[in-house]
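Trainee: Could you take me through one part of this protein slowly, as if we were both leaning over the screen? I'd like to see how a single strand fits in with what surrounds it.

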Amino acid sequence: ANRAYPVSSAHVVITGKENKKVYFDGYTNTNGIVGSLLLPAPKKVFSQSPQENPPYAQYDITVFHPMFQKRQYLGVPVFSGVESIQNIQLLPLGTDESDTDVTESEPNELLMKGGEKNA
């Protein structure tokens with residue numbers, strides 16, 4: 001909730017955008033974080049010249065918690081050799097008419113730096 005406090009035990013599911021394969025199914029720790037994950041992505045060399053296919057893999061992230069609205073991030077890009085952080089703000093139930101908030105991602109929205117991935 002606007003980074004007011006970490007949400008522990010939030011259920012995080014990461015699936016491939018195209019193949020819908022589940023790459024991660026787990027929970028945030030007491031700090032509201034899912035530790036480092038290695039997700040498949042195209043080799044770095046594909047990002048150094050124009051290609052027909054994007055030089056990154058895309059994943060959908062869904063976060064559930066019984067006290068918060070479900071959050072979905074669709075098409076989150078992951079580049080080879082780059083550690084990315086996806087911050088997720090959970091809204092308490094009853095603050096919006098919808099029980100699900102969906103965000104579509106673009107590569108330029110990434111925060112690329114070292115550390116753990118936030119959920």
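**A close look at strand β4 and its neighbours**

Mentor: Let's start with one rung of the ladder: Ile14 has Phe24 in β2 as its bridge partner. Ile14 belongs to the pairing of strand β1 (residues 11–16) with β2, where 5 bridges join the two and the strands run antiparallel. Keep in mind that we're looking at a predicted model.

Now zoom out for a second. The protein has 9 strands and 0 helices, so from the N terminus on you read β-β-β-β-β-β-β-β-β and nothing else. Of its 119 residues, 33% count as buried. Take the contacts between residues at least 6 apart in sequence: 60% of them join residues at least 24 apart. About 7,400 Å² of the protein is exposed, and carbon and sulfur atoms supply 51% of that.

Back to our corner. β1 and β2 form a hairpin with 5 residues between them, and Lys20 sits in that turn. Lys20 isn't a glycine, yet its phi is positive, about 60°. Why stop at that? Because most residues other than glycine have a negative phi. Lys20 is also exposed, because its relative accessible area is 51% and the cut-off for exposed is over 50%. Ser9, in the segment before β1, has a positive phi as well, near 60°. With a relative accessible area of 46%, though, Ser9 is partly exposed.

Next, follow β1 across to β4. These two are joined by 6 bridges and run antiparallel, with Thr15 standing opposite Asp60 in β4. So β1 has pairings with both β2 and β4. On β4 you'll also find a pairing with β5: 7 bridges, again antiparallel. Here Gln58 stands opposite Pro77 in β5, and a hairpin of 2 residues joins β4 to β5.

What does that do to β4? Of its 9 residues, 7 are buried, so β4 is largely enclosed by the rest of the structure. His65 is a nice one to click on, and its place is in strand β4. At a relative accessible area of 14%, His65 is buried. Setting aside residues up to four places away in sequence, His65 touches Val7, Ser8, Ser9 and Ala10. You've met one of those already: Ser9, in the segment before β1.

Now look for the greasy side chains. In soluble globular proteins, nonpolar side chains tend to be buried together. Here the largest nonpolar core has 16 residues, and those with the most contacts inside it are Val12, Ile14, Ile61, Val63, Ile88 and Leu90. β1, β4 and β5 each supply at least two residues of this core. Ile14, where we began, is on that list.

Let's turn to the rings. A pair of aromatic rings is described by the distance of the centres and the angle of the planes. The count here comes to 2 aromatic pairs. One of them is Tyr23 with Tyr59, which is edge-to-face: 5.3 Å centre to centre, with 90° between the planes. This pair links distant parts of the chain, since Tyr23 is in strand β2 (residues 22–27) and Tyr59 is in strand β4 (residues 57–65), 36 residues apart. Tyr59 counts as buried, at 4% relative accessibility, whereas Tyr23 counts as partly exposed, at 27%. The other pair is Tyr56 with Phe79: their ring centres are 5.2 Å apart and their planes are at 55°, so this pair is tilted. It too links distant parts of the chain, with Tyr56 in the loop between β3 (33–34) and β4, and Phe79 in the loop between β5 (68–78) and β6 (84–85), 23 residues apart. Both Tyr56 and Phe79 are buried.

One last stop, at Ser80, which has its place in the loop between β5 and β6. Ser80 counts as partly exposed, at 26% relative accessibility. Its C-alpha atom is 6.1 Å from that of Pro42, although the two residues are 38 apart along the chain. Leaving aside neighbours within four places in sequence, Ser80 is in contact with Ala41, Pro42, Lys43 and Lys44.

So if you keep one picture, make it β4: antiparallel to β1 through 6 bridges, antiparallel to β5 through 7, and largely enclosed, because 7 of its 9 residues are buried.

Key. Residues numbered from 1 in each chain as written. Predicted model: local features only at pLDDT ≥ 70, side-chain atom pairs only at ≥ 80, totals over all residues. Heavy atoms only, no water. Phe/Tyr/Trp six-rings, centres within 6.5 Å; stacked < 30°, edge-to-face > 60°. Helix = DSSP H or I, 4+ residues; strand = E, 2+ residues; numbered from the N terminus. Buried < 20%, exposed > 50% of the residue type's maximum accessible area, 1.4 Å probe, protein only. Contact = heavy atoms within 4.5 Å. Areas by Shrake-Rupley, 256 points an atom, 1.4 Å probe, with all protein chains shown as cover. Core = buried A, V, L, I, M, F, W, Y, C linked by side-chain atoms within 4.5 Å.
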